[in-house]
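Colleague: Before we rely on any of the charged contacts here, could you take me through the reasoning behind each label?

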Amino acid sequence: MKIINYYLKNNDCYKLAKKITPKGIILHSVGCSQEEPTVFCKSFDKPNLEKCVHAFVGAGVVYQTLPLDYKAWHCGLGIRGSYNSSHIGIEMCEPNTIKYTSSNSFIDIDPIRSKAFIASTLNTAIEYIVYLCNILSIDPSKSGSILSHHEAYLQGYATNHSDPEHLLNYAGISMDTIRQRIILSHKNNINMDKKI
């Protein structure tokens, strides 16, 4: 995994520089058929845009777009509040072989390639989340520490979105499986640190 700092210095969220102490991570997907994180970096790097995330994830690469202790505008406001004030927000890019027919439905012109891209991007996202858990002392086994945007909505702390489950379910992957992989990788990293 390659991490590239590409701070969105023209985005009002970056300029506001409101600080948080991250307690968890929200996983999103971008909701359009675009594989290149740099496309989103460039489109988000402007004023008067009421959205911003900490990172965009592609296949094998992460573009970190805010300092990790900055509050991002990534999940909106739910009936109980917003995880913007406590959680890191990361967006996974989506394969260019899918074509949306509605906000959470799409057709796939090349399922083999699409699912391979989803798997590759998800692997990068999982590796990045484990990295974040290590450097931010987030326990991924703690309830509410690793969530999807949809799960955050169901808890009342985000707007009503279906991501990234609409994409993950298509690829036969669940958030529970993702959490299990993160927990196992995090545990193995901790054990490796103890051996050194």
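Modeller: What follows is a short discussion of the salt bridges and of how their residues are classified.

Modeller: This is a predicted model, in which local features need pLDDT of at least 70 and side-chain atom pairs count only at pLDDT 80 or more, while totals for chains, interfaces and linings use all residues. Residues are numbered from 1 along each chain as its sequence is written, and side-chain values use heavy atoms, with hydrogens and water left out.

Colleague: Why is the contact of K19 and D69 called a salt bridge?

Modeller: The term requires a side-chain nitrogen of Lys or Arg within 4 Å of a carboxyl oxygen of Asp or Glu; the N to O distance for K19 and D69 is 3.4 Å, so the pair qualifies. By this rule the count comes to four salt bridges.

Colleague: What makes R179 buried or exposed?

Modeller: Buried means under 20% relative accessible area, exposed over 50%, and partly exposed in between, with a 1.4 Å probe and protein chains only. R179 has 16% and is therefore buried, E151 is likewise buried at 16%, and D176, at 48%, is partly exposed.

Colleague: How do you know that E151, D176 and R179 belong to one network?

Modeller: E151 and R179 form a salt bridge with their closest N and O atoms 2.8 Å apart, and the side chains of D176 and R179 meet in another at 2.9 Å, N to O. Salt bridges that share partners therefore join E151, D176 and R179 into one network.
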